[in-house]
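Here is a short report on how one chain is built and how it meets its partner. Take a look at the model before reading on.

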Amino acid sequence: MLAQPTARLQIQPYEGPTCPRCAARLMADWIRTGIVRCPDCNGDFEATAFKPPSRELHVEHVMATGPIEANACANHGKNAAVTACQRCGLLICALCDMNVGTGSYCPACFDRLRSENALQGAATRYRDYASMARVSAIAGFLLMFLGAVFGSVALYYASKGFKQLRAEERSIVGLVIVVIFAVLEILGGLALILLMIYGFAKGTMK
Amino acid sequence: MTPTPRRKLGRNVGVMIRELIFETADAIEVDSREGYEISRKRVLFEDVLLVTIHRAYGVGYVVVMLLLSIVFGILAVGFQFGAHEAGAALTFAILALPFLIALIVRLVLKLDFVTVFGRRSRAVMRFAVKKRRAREVYGHICSRTREVQRSMEPPQAAPIPAEEPPLPPASE
């Protein structure tokens, strides 16, 4: 008898609109504007449906272009090249043109640059410096004798967080409070250390 | 990270999920927090298929609040009438109170969900108190989507003007 495969964490792919209450897949008939009653859970929800226009990509064939300007794509021999990759210089067609607002790249170079996190527009993961600054400030508050260290770290992350928040035009009020706390922690931590040194020196003097 | 100006629309905070939802010029951005890292996905306005709004209790939250209220409530009652410890009973009653209040607030106000389904991804927002805001966000997303998708439609061909009928020959 074959052994049963062990249960694995399954990531459910997104398959389109579902009932917002029970997550049952909505068939095309149920995607409509108005009050919709889910056939599975019988729950009501208000919906507005859209019919987004399909995207059309015009790919020019080499045969269709003139003899002078016709350069074949490096990946698709039948397609006419529309541009050259900014990294490797290969001629690429409209299908291969990976442009996310930072210039045209061929798929291979795009993958390489994306894995190196060198494409600003294609990055989907980044560090949350504001949150890191907040946690550092809280740690410094709890461990007051290390306040100077944690406060400095909080200030460092806050400086990066300010840039991040400004770029996104988000409120910086929370981060300003963190900076105030961090400065107080540094001062408090330094005062505590000085007090300890003073106490130690006074103790040895006797 | 894309340094594009964006406006916060709402949040989706649950037991296992912590997301912030923003609006940019061409999409709804969903920032999912995983520790100190944020992963971002977008629901492009040009891809939106369905926008929904509904009101629900949030069963998990209600059950947890109810259980905590009952546990601390039973302890308070037990200390009061079983052990005759008024101090301990009061402490547990005070502990039970916030959970009870949270439960009542949720049962009265419920939770508003705004969900945006795109072709390849979706965004969910929860509004616990601001009901008007939920309605505003729903309307705003619908109007922005309509605007973007309308601008993508191919322009209608201009009607060909009808030829003028030939004039009758000039009589001499």
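Start with chain B, which splits into two domains: domain 1 (7-57 + 110-150) and domain 2 (59-108). The C-alpha centres of domain 1 of chain B and domain 2 of chain B are 35 Å apart. Keep in mind that this is a predicted model.

Next comes the meeting of the chains. On the chain B side, 33 residues are in contact with 28 residues of chain A. Strand E4 (37-44), strand E5 (50-56), strand E6 (111-117) and helix H3 (131-152) of chain B each give two or more residues to the side that touches chain A. E5(B) gives the most, with six residues. By residue type, the side of chain B that touches chain A is made up of 15 nonpolar, eight polar and ten charged residues.

E5(B) deserves a closer look. Five of its seven residues are buried, so the strand is mostly covered. E5(B) also pairs with a strand of chain A and with a strand of its own chain, as the table sets out.

| Strand pair | Bridges | Direction | Partner residues |
|---|---|---|---|
| E2 (residues 44-49) of chain A and E5(B) | four bridges | antiparallel | Thr48(A) and Val51(B) |
| E5(B) and E6(B) | seven bridges | antiparallel | His54(B) and Phe113(B) |

Across the chains, then, Thr48(A) has Val51(B) as its bridge partner in E5(B). Within chain B, His54(B) stands opposite Phe113(B) of E6(B).

Which element gives the most to the side of chain B that touches chain A? That is E5(B), with six residues. Four bridges join E5(B) to E2 of chain A, and seven join E5(B) to E6(B).

Key: Residues numbered from 1 in each chain as written. Chains lettered and ligands numbered in written order. Predicted model: local features only at pLDDT ≥ 70, side-chain atom pairs only at ≥ 80, totals over all residues. Domains from an automatic or database assignment. Contact = placed C-beta atoms within 7 Å. Nonpolar A, V, L, I, M, F, W, Y, C, P; charged D, E, K, R; others polar. Pairing = 2+ DSSP bridges. Buried ≥ 20, exposed ≤ 12 C-beta atoms within 10 Å, placed from the backbone.
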